[in-house]
Amino acid sequence: MIKKIALISLFVFSVTGVFSQPKTLDQKVDSVLSLMTLQEKIGQLNQYTDDGAATGPVTVDDKKATQIRNGEVGSLLNCKGVERTRSWQEIAMESRMKIPLLFGQDVIHGYKTTFPIPLAESCSWDLKAIELAARVAATEASASGIQWTFAPMVDIARDPRWGRVMEGAGEDTYLGSLIAAAQVKGFQGNELSDVNSVMACAKHFAAYGAAIGGRDYNSVDISDHTLWQVYLPPFKAAVDAGVATFMTSFNTINGIPSTGNKYLLRDVLKGKWGFKGFVVSDWGSIGEMINHGVAKNGSDAALLAITAGCDMDMESRDYKNHLAQLVKDKKVPVSLIDDAVRRILRKKFELGLFDDPYRYCNAERQQKELFNPEHDKATRQVAEKSIVLLKNENNLLPLSKDVKTIAFIGPLVKSLKQNKGFWDVDVPGVDSTFIVSQWQGLKNKVGKHTKLLYAKGCDIEGDSKAGFAEAVAVAKKADVVILSIGEKRDMSGEAKSRSNIDIPGVQEELEKTLLATGKPVVVLINAGRPLVFNYTADHASAILYTWWLGNQAGNAIADVLFGDYNPSAKLTMTFPRSVGQIPIYYNHLNTGRPATSDKDKNYRSSYLDLSIYPKYEFGYGLSYTTFKYSNLKLSSKEMKPDSSIEVSATITNTGKYDGEEIVQLYLRDLVASLSRPVEELKDFKKIFLKAGESKTIHFTIDKDKLSFYNHDLQWVAEPGKFDLMIGASSRDIRLKDSFELAK
Ligand code: BGC
């Protein structure tokens, strides 16, 4: 093989007349490009899914091998494992130019080691933990033949009906931007040339999360201000973190499909932001511009997309079928194609694929990394940090390890795969046996003096109550009941929008019958989105929102139930009381007639039949201990435009347990040229305090934290008064002051 590569290098350099090794990456790219035919160039822009694996509507094609051999394919997705990737790569090496294929995969929350779903991870507010999850995923995926993940999804989401909220970091732009950068760092490591790095892909550009009605793929109608202020910053943060690729979104924005949006792709991303990587369409989204009604046919769609700046076509085949003719007809200049090819070749060089196309195909390394026990430890830690304690009446939790009998009831207690959530990866040759079920986790935790009883009670869906009697009988024998209920793992995810986000089936009715026994009931809610569960919220003795936690779900849940880990997570999406409140998010604007309470309904901005408050607000989450906030100090009450203010506060652990607190800093710009949100997260600190310990935390408020996009989309800080709030959630504000930004 080395011989083959050497030959091609010689070929490349002799044809171009350059005998010495090209010095820069751009020169290397150009020397390859200069030898390529138009058909080969277009081939680089073409991405297919592997046979038998699909994450979208498939075009049957039994000629993939021939096309790869002809240099008509630049990348494959859904192809994994060293054997399979090697076999396709060998075919690519038979092509005239011997340009290696790129293998892409949705490694969203882990590869073989499944981590909590991204929304759960975001509730940790722990950037190091989030980076670690991405790092482990990259290490495993790259050992299994993959160089490119279609993650992170950095779409801000304010509508829990949208199934893809599970895949992002929630509703907040500031936190979402930090998480985007942490994920990019985790996936890409220090250098793309490290063999355990994968290229990250910031998706879905843009505003995909603002789909009307929370219906997946739906149109987006949005003001420029909201687009820039709320939806674009996490993408910019990904660019600043060096993200290698972008993916366009399926939706239209104000009538223009993102895949054909020249303003977004060329003017903003590649222009203003200086993005040097490449852009891939979403699955078939080039061809879907016909359905959007902006292209008559595939040729039109290809013209729109390449002109807009979409470099690679995932599965629509419109580039392959139409670009050559478009060039011939002089509708597409070759320079546009060259720019796209250059961007892709550059990444292939950076990944080291031109040096060794098989560098990701090492079976020994694959075996070692996929079964690395350190990865289980990592996912267990991240899972513990992702569990949100929503309620803990009479400090029922943590449970004592001496409890005599526990009844563990519910349809999710013994399941394995459910814990993995949507977007887990089926890794060749690896089954589900290493997943720690919730039952197994509890068994691992309790001593031999504790008796564990089980009953399923009911299914996740359906209306059968046949199992209730057995569940009640089991509950009666126990000192405490733990009830594990929720969604199915594939009730959230792509194309999994729901109009009713209650806990499905008769699960809450089961809970009612269990509570009627008078036993304390701890409820575990497993879900990929904020659900509506008012009965549980009002009646359960304790609630842990466990989301989908991945391979170590059972152990992590047991760690939290028994206090080996004191929960610290805080919600990153607002939990509504009813779908009627959606969209609901903490950083909303004030109205001209704001309601000051739920009693305040007289010509007020409220609902006649519903509270204005969410069930659980952004930033909410309890601990087994309590924290006191005191001693707020501002270095000055006036800030000069180019200076900053130092803010400090003391946090004291006033309870019995050691624990972590996520201290949140919010600002409100009281009078500005545009109405500004009632509060906006601008900083936070996650701190660990031993029982009884106090720590002083510090924040710096600079001009950037006071800035926003004004009507002309300029990033400005306007002089005037700002409220500063420090709290344990967006509603639980403990300390407050204000300061002035001077002219
Ligand atoms: C999804 C993307 C995903 C792609 C490839 C699409 O349907 O929207 O997020 O990366 O499929 O699997």
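Analyst: Helices (H or I, at least four residues) and strands (E, at least two residues) are DSSP runs numbered from the N terminus. In this predicted model, Ala207 falls outside such runs, in the loop between β5 and α9 (224-231).

User: What should I know about the numbering and the values before I read on?

Analyst: Residues are numbered from 1 along each chain as its sequence is written, and side-chain values use heavy atoms, with hydrogens and water left out. The model is predicted, and local features need pLDDT of at least 70, while side-chain atom pairs count only at pLDDT 80 or more and totals for chains, interfaces and linings use all residues.

User: How many helices and strands does the protein chain have, and what does its radius of gyration say about the overall form?

Analyst: The protein chain has 23 helices and 26 strands. The radius of gyration is taken over C-alpha atoms, and the globule rule is 2.2 Å times the number of residues to the power 0.38; for 743 residues this gives a value near 27 Å, and the chain has 27 Å, so the value agrees with a compact globule. Along its principal axes, the C-alpha trace spans about 80 × 65 × 45 Å.

User: Why do β11 and β13 count as edge strands?

Analyst: Two strands pair if DSSP finds at least two bridges between them. The open sheet of 6 strands has the order β11-β16-β15-β14-β12-β13, with mixed pairing. β11 (388-392) and β13 (451-455) each have a single partner strand, so one side of each has no neighbour in the sheet. From one strand to the next, the twist averages 15 degrees.

User: What makes β12 and β13 a pair, and which helix lies across β12?

Analyst: β12 (residues 405-409) is joined to β13 by 5 bridges and therefore meets the requirement of at least two, with the two strands running parallel. In β13, Tyr454 is the bridge partner of Phe408. Helix α20 (residues 507-515) lies across β12, β14 (480-486) and β15 (521-526), where contact means heavy atoms within 4.5 Å. The helix runs at about 170 degrees to β14, on a scale from 0 to 180 degrees between the N-to-C directions of axes fitted to C-alpha atoms, for helices over the stretch in contact.

User: How do you know in what sense β17 and β19 pair, and which strands stand at the edges of their sheet?

Analyst: β17 and β19 (residues 645-653) pair in the antiparallel sense over 6 bridges, and Lys628 stands opposite Thr652 in β19. Their open sheet of 3 strands has the order β17-β19-β22, with antiparallel pairing. Its edges are β17 (627-634) and β22 (694-701), because each has a single partner strand. The twist here averages 20 degrees from one strand to the next.

User: What makes the approach of Thr55 to the ligand a polar contact, and how many residues surround the ligand?

Analyst: A polar contact with the ligand is a pair of N or O atoms within 3.5 Å. An oxygen atom of the ligand is 2.5 Å from an N or O atom in the side chain of Thr55, and the pair therefore qualifies. The side chain of Asp282 also has such an atom at 2.5 Å from a ligand oxygen, while for Glu494 the value is 2.7 Å. Taken alone the ligand exposes 310 Å², of which the protein buries 99%, with areas from the Shrake-Rupley method and a 1.4 Å probe. In total 13 residues surround the ligand, the closest being Thr55, Asp106, Arg164, His204 and Asp282, where near means a heavy atom within 4 Å.

User: Which peptide bond leading to His204 is cis, and where does His204 lie?

Analyst: The bond from Lys203 to His204 is cis, with omega near 0 degrees, and His204 has its place in strand β5 (residues 201-205). The bond from Ala151 to Pro152 is cis too, with omega near 5 degrees, and Pro152 lies in the loop between β4 (148-149) and α8 (173-188). Ala207 has a positive phi of about 65 degrees although it is not a glycine.

Methods:
Polar contact = N/O pair within 3.5 Å; in protein donor to acceptor, adjacent residues only side chain to side chain.
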